[in-house]
Amino acid sequence: MSSAARRSTTAELEQPDHEVAVIGAGFGGIGTGISLQRKGIHDFIIIDKWDQVGGTWHANTYPGVAVDIPSVVYSFSYEQRGDWSRLFAPGEELQHYADSMVDKYGLRDKLRLGTSITRAEFDDRNSLWRLTTDGGKEITARYCVMAVGGLERPKMPDIPGVHDFGGVLLHTALWDHDVALAGKRVAVIGTGATSLQLVPAIAAQTRHLTVFQRTPIWVGPKFDVEIGPLGRMILGNKQIRSAIRSVATVGIELAMSGQVAGPAWLINAVRRAGEAPMRRWMRKQVDDPVIREKLIPQYGLGCKRPSMSNEYLKTFNRDDVSLITESIECVTPNGVRTVDGVEHEVDVLICATGFKLWDKGSVPPFPVRGRGGQELGEFWDRHRFQSYQGVSVPGYPNMFSITGPYGFVLGSYLWMIEATSAHLARAIAETKRRGATVCEIRQDVHDEYFRKCLKRQEKNFLFTDVCAGSNTYYLDQNGDSPFRPTTHGEMYWQNRHYDLDVYHYSARSLVPETVASTAGESA
């Protein structure tokens, strides 16, 4: 075959616009950018639907929003700060922290803000991902990183008439600061971790506050303090700050990740030992004996993420605050009607009803089609949530996730982000080193990891009667708990030191199959 004939029949493979496209500019996307840079990968962009970085901390700005893990822990290990205003920093400071990271690590010119991705599809022939934006444009990248967080897609309550409410309807994740609560009759639906922060923050502003509770929540004291000049001076010392961080990390490991990673007998013993003193503390916060008992959970401690507040329970001692535990029948144009026939008239209805974490169509929040056109959300819906270390799924080459199933160890999200971003950056760098263009987790490796996760969870108390009636988001619609049942230390080590051959690497030939079949003919 002549060279001219070869040129006329050979279709050159398309080269992507960028080497890596990161979807999400919260801490996950920022951490990914830093991890990529550390591996010498600089041709990447970070895409986000919002006009600012910060993800969760940009989306959630409701009154009282704050981190529920000490700030010395809820920060990157390589970017510790000593200038927090409080031990549990308010949300605004976390957003500023994210913004400062972008500037310090030179990520500003990598950002593509105000851009929503509506579709992602793997092009098998060209070994790249095609991303469609809400403006109809296409972005191509060799690798795609899903850094879309789960705490910014609001979940409205499935209550008849909720969208027919005639007053002001809010969700805590879509807070409208132009709405004045002063002198208004306000109702809050939900008593989870968000409500614990919101209710005390707005009670004094309202004419009357009504809180609708479906499931009471375990509440412990919050040892929060303002960090003054002396505290900042102490935390400004790197050695002291690191020591405090280490102690706090161990405490959180025992209190949270230990719930799913420890032996069943130990977990149950610790749980039972903690329930009695916490119930005593909770009862001391509430004056009215009837209201007091309505606020005490009947399910086990640890079935939901532990919550802390020094003010939430005390709020129900106010004459202008009501707790309603009757089930909601419907929302009317004038308020909320409960099953006992009482209509509670309100001017502002606030839904503190959480986020779409495991809901069908929400993970991921747009169609993602891998090899052969298989849609990821549909795959998970049919075959249960699964991924290798929360990062990779077979059948989705060159795609990685920051917050995938069985990747998050209960504790600080920043721990997971550092681990999973290091994992994916290492895989991409190795693919380049081998001269390959495709990187895909091996099916057998993935299956073995998934099997081990399910095996570890068999004796977990989350799946027992201890947690009956808790309505915990620790479980998905399949009855699984897609959290990583390991310690933080195991997550840290395995994501950084996995055998590189757990991935399959391949390179596409520039000669298509129709041409390759005649390549052996004489020219």
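This is a short tour of the model in your viewer, from its two domains down to single side chains.

Before you start, know that this is a predicted model in which local features need pLDDT of at least 70 and side-chain atom pairs count only at pLDDT 80 or more, while totals for chains, interfaces and linings use all residues. Residues are numbered from 1 along each chain as its sequence is written, and side-chain values use heavy atoms, with hydrogens and water left out.

**Stop 1: the two domains**

Select 18-153 + 357-506 and colour it as domain 1, then give 156-217 + 289-353 another colour as domain 2. These bounds come from an automatic or database domain assignment. The C-alpha centres of the two domains are 32 Å apart.

**Stop 2: where the domains meet**

Now show the residues in contact (heavy atoms within 4.5 Å): 24 from domain 1 and 20 from domain 2. Together the domains bury about 1,800 Å², 52% of it on carbon and sulfur atoms; buried area is the accessible area (1.4 Å probe) that two parts lose on being put together, summed over both. Pick out Y62, P63 and D68, which supply 31% of the area that domain 1 buries against domain 2, more than any other three residues.

What holds for salt bridges across this interface of domain 1 and domain 2? The rule, a side-chain nitrogen of Lys or Arg within 4 Å of a carboxyl oxygen of Asp or Glu, finds zero there.

**Stop 3: the disulfide**

Next, select C303 and C467, which are joined by a disulfide with an S to S distance of 2.0 Å. The rule (cysteine sulfur atoms within 2.5 Å) counts one disulfide. The S-S torsion of C303 and C467 is about -85°, so this disulfide is left-handed. Its cysteines are 164 residues apart, with C303 in the loop between α9 (289-294) and β11 (307-308) and C467 in the loop between α12 (443-456) and α13 (488-497). Helices (H or I, at least four residues) and strands (E, at least two) are DSSP runs, numbered from the N terminus.

**Stop 4: a salt bridge within a helix**

The structure holds 28 salt bridges. For one of them, zoom to E430 and R433, whose side chains meet at 2.8 Å, N to O. Both residues lie in helix α11 (residues 413-433), three residues apart, about one turn of the helix.

**Stop 5: E93**

Finish at E93 in helix α4 (residues 91-104). Leaving aside residues up to four places away in sequence, E93 touches W84 and S85.
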